Structure formats: C-alpha cells, structure tokens
Amino acid sequence: MLRTPIALLAAAGLLTIALSGTVAKAQGGAASSASVDPHANETKGQRDARMKWWREARFGMFIHWGLYAVPAGVYKDKKIDGLGEWMMHDAKVPVGYYADYAKQFDPEQFDAAKWVSYAKAAGMKYIVMTAKHHEGFAMYPTKVDDFNINAQTNFKRDPIGEMAAACKKAGIKFGVYYSQNLDWHHPGGGTAGDSWDPAQAGDFDAYVRKVSAPQVEELITRYHPAVLWWDINGPFTPDQVRALTASFPKDPELIFNNRLGGGVPGDTETPEQTIPRNGFPGKDWETCMTINETWGFKTNDTNFKSVEELTRNLIDIASKGGNYLLNVGPDSHGVIPAPEVERIQAVGAWLKRNGDSIYATTPDPFKRLPFEGRATVKGNTVYLNVFTWPENGLRLAGLLTDVKGAKALATGQKLSVMKDADGTLMISKPSVIDPVSTVVALQLAGPVALVPEPPRTILVPTSEKAPQTWKYTTVQPSKNWADADFDDAAWKSAPAPFGQGVPGVNTPWTETPGDIWIRRSFTVSNNSMKSPLLTSVHDDEGEAYINGVLAAKLDSYTRTYDEYDVSAEAAAAIKTGENVLAIHCHQGTGEQSIDAGLTMVWPGTP
C-alpha cells in the first residue's frame, strides 16, 4: 500500500460555478493515454454494465498477506516503526536475509473457506487479496521464478487459487492485488527511493517484461479475477503499459483501479485511510482502510477501530456513492486476528438488519441534514441513517416528493410522518434505537425531488481566471500571518495559473517538504451575505482562516473540492472592504499542493 498518497497527488484549480469541468480535467488522464488504456473506447453503456455489480456491492474485504507476516514488524529483535508490510524497506533488510523468512512461513491453519465465510458473515460482497506485495514474494505458484509460496516454503499450496475457488462457491467476487512497480526482491524493481542492496540493481524495463507483465498475465488467465488492484503508480512507458495489460482482452469484464500509472486513469479512485468529504461525484471510488493501523500483520499493532466507527464509515462512504474495502491482516499461521474477525462480523450483524440502506444505493441527495447521520436512496425510498436520535425529534427539510409511509428498517415498525407549514417533515421515534445507527426508510410517492438550492455568488474566483492572486511561504511566519493587515510583501506569488490538477506540474512547491502557508485578499462591498462556504482541494489536513479567525479545519488530502461550512465567528469577521482568506496546510514529507475559495448566498435570494 501507499505509505503516503500525498506524493502522488496535486491540487486542481479553484472553486467556480463550472467546477465539474475543472475536476474532470484534473482526473481524466492525459489524452495520450487513449492508445494504451484498455477501456479507452468503451461506451457509457458498456462501462455501466461492467461496473454494475461493483457499484451495488458497497462493501469488500481487503487481505494483506505475505512474508511480512513472519517478522510481524520486528527485525533483529527490534520493533520497526511504520507499516508491517513496509518493514523490508524501512529497516533496509538485505534481500537475502528477507528471503529467508520464507523458511519460517508455514501457514498450516490457512482455510480459504473459513476466510470467505468471515467475509460473507460481514456482509462483504467481494474480496481482494495480495498476490504479490512490494516485497516481491508471490502468494501463488508463479512460473516466472521460484520466489513464491509454493517453491520457497513447506506450504505446497496455492492460496490465491484456493481463495478464488472458495469465493466462487460462496457467490462472492474475487480480486487480486498486484504491486507492478515496487519490488524490493527482483533486480530492477522499483524501491521507493534509493536501493539498499546491490542485489536490487537492474533494469526497470527488463523487470517489467520478465516479472511484472508475465505475472499479471498468469493471474488473469489462471484465476480470472473480477478486480485487479494495482498499487503504486509507476513511470511506465506506453509499451510497458501495453505489456502489463496485454491479457486484459481475455477478461473484458475486469475492473482495475487508478494506480497503474503511465497515464491510464483506471476504473476506480482509491482514497487510502480516508473518506473524501464529498466523495468523487460522477466517478467510481473506493476507500481502502485498515481495522488497526497497518495492512500486514504486526504483533504490536492493537489499535483497533471500534465497531461503531467501522459501521459509520461504511454508511458515510455509501452515502457518498463509494465502496468500503476493509482490510484484514492474517498472521504467518494463516489466522486472521480475532479482534478483526469480531469487528467485521459485528458490522455484518448490523447489515443483516439494515443492509437495504447500503447495498445498491445512490448517494445522499440532501446538501445538509439537520441531524447527525447520512442518507441514501434506492428507487423511491430514502434511507435515513440516524447516528444519534435528536432530542427535539427527527426532522427533514427540503423534500418536495410526497411521503407514502415510513418505518424503522431493522424492526419494520411503522412510524408516523407529519409535515409543518414550511414543508419540514417530523418523523416519530422508533421504540428501538440502535446505538450505532437507526435506519428510517421513507417510502416516497415518486423519485426524490428537492427544493432547489439558492444560487451562490463567487467571492474568491478561480486561480486560473485570476492568476497570481495567491501568495505563499514555506517558512514559519509570525503569529499574525492570517490577519488582514499582515504584511506579506516578502511572500512569493503563486504561478499563473495556480496549479492545474496535474501531479507535480504548476504547483509552486512541488519538491518542498514541510508546511505551507498561503494567503489571498478579497474585497466585499456588502458584508450582509449569509451561508458562506469554503471550498478546498488540499494534500493534507490544515486550517483555514478569514481575517485571522478560524473558519474551518480541513480534513486530510482530497482530489475533489470539499465544502466546509465557515464558522459563525469567521463569517462575522468578514467586513466591507478588503479581507483575507489564509490557509495553513500541514505536511511532513513530500510535495505540497493546496487551493481554496469562498462562495456566499446573498440576501434576498430565495
């Protein structure tokens, strides 16, 4: 997995009314990739048919299993910080020394049917399993060389093949993860930085031709996976991309993600360990996430997420139109840790009662909900996932379609629905409240129709339309750096335009690790606006200020434009005349990109 996705992403342009066009430019892939993208000539109808099962699934199991389960984060009696599956890289373990872990790898308790049963009980509809991670060890009997589980261990079996068969028997889709770029064992494979062992020296093109491409062909032709989950975008040439995807026509229904590289966009966006605030509107996407902190098994990682957090993550992701690929990390004996099994089965118990609000649903149509929770839609039914039942009752505003009835999904209890004079719905409280999420199903008389959103006025235009309007610094400024009267004459001006959504291109700090501070002035002629919204694209978490007053805390990185309600204090700080929007974005290593903007609803708009 990525240790940090930041280094692979960069921001797009700023907020506009025609925002979707800018986002599409940022994420659509280079035009030159058309000749190498296996799905470049696919029609929308063909794509919809191919993606149908995946879009309906919503919940899948990720399995990270390899030699890294043997040391489990400990090298020469020393606990190694970081991810378990990255230990070889982080501890700079010699190639030969690491390969000897295979002699200790004897997963005698591995049972494919049992693993699949766990996924089935959890309500997961597909499984993606590591066929080869960055360590270069194949978890199937590859014919490319003998660095694989069948040739190097006493376990003379084929876990990938057994999992594929068990999934087919259980009616679950099966996919494989493959590290096509990084390979710390084979000469010429990518190393994510400088190599640390002469045995790694070699030609990358030869590695692709002799290792990666043949193994990808083996996986596709031998196991016919429904999903191919690439990891770590590579600097592949068109010929290398063609070699890696040469076998795709043999499985035209194959779905693959956006981590191949070489300008190929892939089918799915893959935010890692985070849930985008607004999802990826109009795109297929999947959040992959660990139950604890690491992907591969690590003995000292016991920081497991709660059942409530995992279940609400699934609800949140489904409400934004995405899938949740939740990871388990089996140990070297072939056992999935009990705390992980217990948690996913508890999520499955909730889904057994409330799955209709998750599977095959479409995103939340409401801009905002007046309660803590999320909404999804399926046909003429709106599902309200209520995390905490409001003390003053459950209300829902903005729905134009008539409601035929309501019920508590888990119990079937009928609920009363009343309508205020302004059209706000009041829904009675079920007798049974679920501490994780209580689902209310609203049966409508027709498709969802909402009260139109009031028009918004752009207060801060796009950087493409207003170049060099931002100033930035990478040096810690004085405490009053976000104030309107701060002198930023020594700060640098951003290029024109300020970033174009292409990783590493036209961002003023492409190679600059560390924090970044940016400022932009804007003028207001009438300070009686209402409902200000901050919109931001950013590489990491941070804070936004208006005239020195905290406006919003920014979530972790995003490749889409996230909207944040501006705090009441910051909204009140906006004055007639000149104001300043300022952002501090945190980043420890790697390049940095950020962009932001403001819109307002002006008085008198309906």
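## A tour by selection

Start with Gly-82. Beyond its neighbours within four places in sequence, Gly-82 touches Asp-90 and Lys-298, where contact means heavy atoms within 4.5 Å. The model is predicted, so local features need pLDDT of at least 70 and side-chain atom pairs count only at pLDDT 80 or more, while totals for chains, interfaces and linings use all residues. Residues are numbered from 1 along each chain as its sequence is written, and side-chain values use heavy atoms, with hydrogens and water left out.

**Stay on Gly-82**

Gly-82 sits in the loop between β3 (78-79) and α3 (87-90). Helices (H or I, at least four residues) and strands (E, at least two) are DSSP runs, numbered from the N terminus. Gly-82 counts as partly exposed because its relative accessibility is 43%. The scale is this: buried is under 20% relative accessible area, exposed is over 50%, and partly exposed is in between (1.4 Å probe, protein chains only). Now add Glu-293 to the selection. Its C-alpha atom is 8.9 Å from that of Gly-82, although 211 residues separate the two along the chain.

**Zoom out**

Show the whole protein as a cartoon. It has twelve helices and 27 strands. Of its 606 residues, 57% are buried. Take the contacts between residues at least 6 apart in sequence: 74% of them join residues at least 24 apart.

**Select Asp-77**

Asp-77 lies in the loop between β2 (74-75) and β3. Its phi is near 65 degrees, a positive value in a residue other than glycine. With 81% relative accessibility, Asp-77 counts as exposed.

**Colour the aromatic rings**

How many aromatic pairs does the structure hold? There are 26. Rings of Phe, Tyr and Trp (its six-membered ring) pair if their centres lie within 6.5 Å; planes under 30 degrees apart are stacked, over 60 edge-to-face, and the rest tilted.

Pick Trp-65, Phe-105, Phe-110, Trp-115 and Phe-155. Ring pairs link these residues into a cluster.

Next, go to helices α5 and α7. Helix α5 (residues 112-121) and helix α7 (residues 159-170) have axes 9 Å apart, at an angle of about 45 degrees. That angle makes α5 oblique to α7. Axes are lines fitted to C-alpha atoms, for helices over the stretch in contact, and angles run from 0 to 180 degrees between N-to-C directions. Under 35 degrees counts as roughly parallel, over 145 as roughly antiparallel, 65 to 115 as roughly perpendicular, and the rest as oblique. Show side chains here. On α5, the contact is made by Ala-112, Ala-113, Trp-115, Val-116 and Lys-120. On α7, it is made by Glu-162, Met-163, Ala-166, Cys-167 and Ala-170. Trp-115 thus appears twice on this tour: in the ring cluster and in this helix contact.

**Select two lysines**

Lys-92 lies over the face of Trp-196, 5.1 Å from the ring centre. Lys-125 has its charged end over the ring of Tyr-359, 4.5 Å from the centre. A charge sits over a ring if NZ of Lys or CZ of Arg is within 6 Å of the ring centre and within 35 degrees of the ring normal.

**Move to Ala-360**

Ala-360 is in the loop between α11 and β10 (373-378). Its phi is near 55 degrees, a positive value in a residue other than glycine. Ala-360 is partly exposed, at a relative accessible area of 36%.

**Follow α11 to α10**

Display helix α10 (residues 307-319) with helix α11 (residues 338-354). Their axes come within 9 Å and cross at roughly 50 degrees. The two helices are therefore oblique to each other. From α10, the contact uses Val-307, Leu-310, Thr-311, Leu-314 and Ile-315. From α11, it uses Arg-343, Ala-346, Val-347, Trp-350 and Leu-351.

**Two last stops**

Select Ala-243, in helix α9 (residues 238-244). Ala-243 is partly exposed, with 28% relative accessible area. Add Pro-214: it is 29 residues from Ala-243 in sequence and 8.5 Å away, C-alpha to C-alpha.

Finish on His-586, in the loop between β26 (577-585) and β27 (594-601). Is His-586 buried or partly exposed? It is partly exposed, with a relative accessible area of 24%. Bring in Gly-542 as well. His-586 and Gly-542 are 5.6 Å apart, C-alpha to C-alpha, and 44 residues apart in sequence.
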